[in-house]
Amino acid sequence: ITGGFGVDAFYFSNIFDKVTHAEINEELSEIVTYNYNQLSIKNVQTVADNGLDFLKKTTEKFDCIYIDPSRRSDIKGKVFLLKDCLPNVPENIDFLFTKTDTILIKNSPMLDITATLNELKFVKEIHVVAVNNEVKELLFLLKKNLKAEVEVKTHNTLKNSVQCFNFKLTKKNKTTYSLPANYLYEPNAAILKSGGFNEVTNQYDVKKLHQHSHLYTSEELILNFPGRTFKIEEVYPYNKKKLKKQLTISKANITTRNFPKTVAQIRVETKLKDGGDSYLFFTTNSNNELIVVNCTKTS
């Protein structure tokens, strides 16, 4: 019901017998119609109308309604709540379910997952889609009258592989903590966005450094961890004066997690240039102490 340039509808047409593409902009709808004709796509009906208005006029029911809400507001600029997007899905959710039993919503990665869940009903699955460790989309799959736990599926597509990590959105599971051991793990961006921090320790033999650090450690190397894996070379208590003497390198890759200073501030303090084979994680450990973990990548 938010057809746009018709790219999503084009791919849906490869799977569904029939697709209706509703686009409120008449000129854009004409362009899409022309493109589909050029591509010899016969199973897409284009409608130059507001998608919600079209649904109110038609007596047809659909196997699925797909919505890619507009993520900008003339007043607010970029928006962070689903109700502030166009169309307002939460406001129209009951009506939409009179026209289908399945709704798929594509959302901006900026949207807060918990807030969006609170705005919706009957959510079956949440897909967090990342490419090269950058979250691109959040997909919410809704099934009418569903009463089940929400399943979260994260996908991080890399050049030669796809990292998948799935879990049920249940009550918060307990997690275990540890000081840095032999290896350090940083989950990929899709997992970090999903909020499945405690699930990582339940599915992998790792322990968390701190409740809010979202870094993990283990004695033995965990293969195929869905993120970056490092060998810990040294761990220093964070001390601004001592650190420059402890670090015998001229450049490093710096990451901060649950740390009071930015990467830019740390570079000024340490005079370290970006790059090289050393990876420094400035973070907080399970004893609430500021530390620096000096690592090298395992592969």
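Welcome to this predicted model. A good place to start is Ser-40, which counts as exposed because its relative accessibility is 52%, over the 50% mark. Ser-40 sits in the loop between helix 2 (26-38) and strand 2 (44-47), and its phi is positive, about 60°, although Ser-40 is not a glycine. From there, the points below take you through the chain as a whole, its salt bridges, a surface patch and some backbone features.

**The chain as a whole**

- The chain has 299 residues, and 45% of them count as buried.
- In terms of secondary structure, the chain contains 9 helices and 17 strands.
- Measured out along its principal axes, the C-alpha trace spans about 75 × 40 × 40 Å.- About 16500 Å² of the chain is accessible surface, and carbon and sulfur atoms account for 49% of this area.
- Take the contacts between residues at least 6 apart in sequence: 65% of them join residues at least 24 apart.
- The chain carries 41 positive and 34 negative charges, and the mean positions of these two groups are 7 Å apart.

**Salt bridges**

- Side chains of opposite charge can pair when their charged atoms come close.
- In this structure there are 11 salt bridges, and three of them are described here, beginning with the pair Lys-106 and Asp-68, whose side chains meet at 3.6 Å, N to O.
- Lys-106 belongs to strand 6 (residues 102-107), while Asp-68 is in the loop between strand 3 (65-67) and strand 4 (72-73), so this salt bridge ties together parts that are 38 residues apart in sequence.
- Are these two partners buried or exposed? Lys-106 is buried because its relative accessible area is 14%, under the 20% limit, whereas Asp-68 counts as partly exposed at 24%.
- The pair is also part of a network of salt bridges that links Asp-8, Asp-68 and Lys-106.
- Another salt bridge brings together the side chains of Glu-125 and Lys-153, at 3.5 Å from N to O.
- Glu-125 is in strand 7 (residues 123-131) and Lys-153 is in strand 9 (residues 150-157), so the pair ties together parts that are 28 residues apart in sequence.
- Glu-125 is buried, with a relative accessible area of 11%.
- Glu-134 and Lys-136 form a salt bridge too, with 3.5 Å between the closest N and O atoms.
- Both residues of that bridge are partly exposed: the relative accessible area is 37% for Lys-136 and 47% for Glu-134.

**A nonpolar patch on the surface**

- Which residues form the nonpolar patch on the surface? They are Phe-5, Val-7, Tyr-11 and Ile-31, and together they have about 440 Å² of accessible area.
- Phe-5 can be found in the segment before helix 1 (7-12).
- With a relative accessible area of 61%, Phe-5 is exposed, because that value is over 50%.

**Backbone features**

- Leu-86 and Pro-87 are joined by a cis peptide bond, with omega at about -5°.
- To find Pro-87, look in the loop between strand 5 (77-78) and helix 4 (89-96).
- Phe-122 has a positive phi of about 60°, and Phe-122 is not a glycine.
- The location of Phe-122 is the loop between helix 5 (113-119) and strand 7.
- Phe-122 is partly exposed, with a relative accessible area of 26%.

**Around Ser-286**

- Ser-286 lies towards the end of the numbered strands, in the loop between strand 16 (273-284) and strand 17 (290-297).
- With a relative accessible area of 29%, Ser-286 is partly exposed.
- Which residues does Ser-286 contact, leaving aside its neighbours within four places in sequence? The contacts are with Tyr-177, Ser-178, Leu-179, Leu-209 and His-210.
- Ser-286 and His-212 are 74 residues apart in sequence, and their C-alpha atoms are 9.6 Å apart in space.

Methods:
Residues numbered from 1 in each chain as written. Predicted model: local features only at pLDDT ≥ 70, side-chain atom pairs only at ≥ 80, totals over all residues. Heavy atoms only, no water. Patch = residues over 30% accessible without salt bridge, like charges linked within 9 Å, V, L, I, M, F, W, Y side chains within 5 Å. Areas by Shrake-Rupley, 256 points an atom, 1.4 Å probe, with all protein chains shown as cover. Salt bridge = Lys/Arg side-chain N within 4 Å of Asp/Glu carboxyl O. Helix = DSSP H or I, 4+ residues; strand = E, 2+ residues; numbered from the N terminus. Buried < 20%, exposed > 50% of the residue type's maximum accessible area, 1.4 Å probe, protein only. Contact = heavy atoms within 4.5 Å. Lys, Arg positive; Asp, Glu negative; His and termini not counted. Charge placed at Lys NZ, Arg CZ, Asp CG, Glu CD.
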